[in-house]
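Hi,

Here is the model I said I would pass on; please keep in mind that it is a predicted one. Have a look, and my notes follow below.

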Amino acid sequence: MMFFFLLAILIPVIIMSVNSYISSQQMLERKYTDLLADITRQSNIRIEEFLEDTKQISLISSYGINSYISAVSQENYPVQNYLHDSSVPNELQATQLLMNYITMKDRAISIYVYNLNKGSDLYIAPNKPIDYTYHPRNEAWFNDFLRSDDITRDLPTRLDMQTKGDDNWAIYNLRKIFDMENGKLLGVMAVSVDIDFINRLNKRMQAGNRSAFTVADDNGRIIFNNNYSLIGQPFRSLFPVREGVLTAGLDRQIVRVSGKDYILIQAPFEEHDWKTYMYMPVEELAVESDILKRNLWTIIVVLLLFALVSSVYMSNLITRPIKQLIRNMTLVEQGKFDNLPVVRSNDEIGVMASRFEQMSAELKQLVERIYVEQEQKVEAEIRALQAQISPHFLYNTLNSVKWIATMQHSDKIVEMTEALIAMLRYTAKTDNRLVPIREELEHIDHYIVIQKVRYFNRIEFHSEIEPALAEQEIPKLSIQPLVENAIFHGIADQEDGLLSIEVRYAGNSELAITVKDNGAGMSGAAAAQLQSRLDGAEGSGGIGIINVHQRIRRVYGEPYGVSFQSSPGQGAVFVIRIPIRSRKEAG
């Protein structure tokens, strides 16, 4: 009893220890994930506020503080004046105004005014020398902005070619400057924001986080990272995450990259089609839990050894009769209900084994009874299907007889009547549901005699059969529905209708009965609907092709039945596949 008490105590201890470790790890991950997500969102807010300030600078410097007031009430607009007249006094006033704004932004921006009014351009860059040989008039981004209806536009990170130096990476804010009196386009102001402003905004962020802090555009290309050489490259070149993770829509998740788990934070900007990524190895969070992990592993190893010893004992005590009972169940599943090995046990398992043996005997009787009932059911279903044959063909034939009688062609009446009597005699036989193919084809010959008269001999019919297959038995009335379908839906309206039946070997153990016509064929939709019903889909039924298919399946099994090929204007080919069976097997 002490052994089982110890086992009952140690198992909850293991569960609680593992659960405590997992909960602590998850709590730590959640804490750092929330922290990184908050840092990322705050950084995005600061970046967009900075960029929004640059837009306001370009707006105010171009149109004044009260830009909505008419130009008549404004006395001094240095930038407007300079674009109208690039004189030295106007240049000094505009330079002083723009330099004040640059100083307000800690000299993190440069302002370039490109004059489109036949005047000089104005460049104000506080930190780097100007390259006066460069002008963006030949740049695609500049011309695209001029052609667009945009008043202002932000351009992702690019090299500032207007200044001399290396790594002049900047974000551009472009604004069109219009004449406040007549609305004429005077020029374009480009506010070049040094990309290093993001580092200044994130100066309180830890060095490791700053290196992982990355901003990408809507195409996934990097527009900011501490390593400027990565700008312009896909984010996956920096953080090779698998396809689909970045577009999963989750703002925070654990991903596996290069064999390591990372916390990945995604934070979209509100005003720009940009997204910030922050990632951190999960293993950096596990330092605080290493001691707990070692203790837990020690406890788990001890408990596993203890469980191993206990399992050996329990298996000898309990599992041996259970395994024997399972083997008996497997034998019953295989259909062996008698002479099952005896399960020796004096406890509840022995009682179960005794009840199972009794159940096996009853199950054997039940299976035998079901088998007999199933055979009777199949036979009844086949007879019911045969009994479903509609008298519509008889009505059509009698109408043809009536029509011929009115035309006083008595020889045709005799011919059709004899064929009709032979067909009725054949269909009235109920002694056997299987008939030789020879008799089935004779029945088809009588049927064709009547149809030739009905359609003025416009139907040409051929039949070929392998001599050795003439006495092979098939379900009665299996071929006529296919022939009837070929005539009524295929060649009835044609002047040169051709119908053929071939009975051939299809391998060593099967035969194929092919009914082929050169009629109108079936549309794609009709063929798909028929194939769906042959595959077992529900639908309103008749006695035609579906009936034949079902009867063959019931007699020979699922691999056999009716298949077809048809296309518009190309006729149709229906094939009945059945196994070759001797008369003894068929009986």
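On helix α14, Gly-524, Ala-525 and Gln-529 are exposed. The other side of the helix, which spans residues 524-534, holds the buried ones: Ala-527, Leu-530 and Leu-534. Those three sit on the same side of α14 because they cover an arc of only 65° around the axis. What do they pack against? The buried residues of α14 pack against α15 (545-556), β16 (561-566) and β17 (572-579). Just past the end of α14, Gly-536 has a positive phi of about 115°.

Next, the α12/α13 pair. Helix α12 (residues 437-454) packs on helix α13 (residues 480-491) with the axes 10 Å apart and at an angle of about 20°. Since angles under 35 degrees count that way, the two are therefore roughly parallel to each other. Their crossing is right-handed. On the α12 side the contact involves Glu-440, His-443, Ile-444, Tyr-447, Ile-448, Gln-451 and Arg-454, and α13 brings in Gln-480, Val-483, Glu-484, Ile-487 and Phe-488.

Then the cores. The largest nonpolar core has 57 residues, and Ile-111, Phe-197 and Phe-239 touch the most other members. Helix α1 (residues 2-63) gives the largest share of this core, 6 residues. Another core, of 47 residues, lies apart from it and includes Ile-437, Ile-448, Leu-534 and Val-548.

If you want one residue to click on, try Ile-111: beyond its neighbours within four places in sequence, Ile-111 contacts Ile-57, Leu-98, Ile-102, Leu-122, Tyr-123, Ile-124, Met-189, Ala-190 and Val-191.

Cheers

Terms used
Residues numbered from 1 in each chain as written. Predicted model: local features only at pLDDT ≥ 70, side-chain atom pairs only at ≥ 80, totals over all residues. Heavy atoms only, no water. Core = buried A, V, L, I, M, F, W, Y, C linked by side-chain atoms within 4.5 Å. Buried < 20%, exposed > 50% of the residue type's maximum accessible area, 1.4 Å probe, protein only. Helix = DSSP H or I, 4+ residues; strand = E, 2+ residues; numbered from the N terminus. Contact = heavy atoms within 4.5 Å. Arc of directions from axis to C-beta. Axes fitted to C-alpha atoms, helices over the stretch in contact; angles between N-to-C directions. Parallel < 35°, antiparallel > 145°, perpendicular 65-115°, else oblique. Left-handed = near helix turned anticlockwise from the far one by under 90°.
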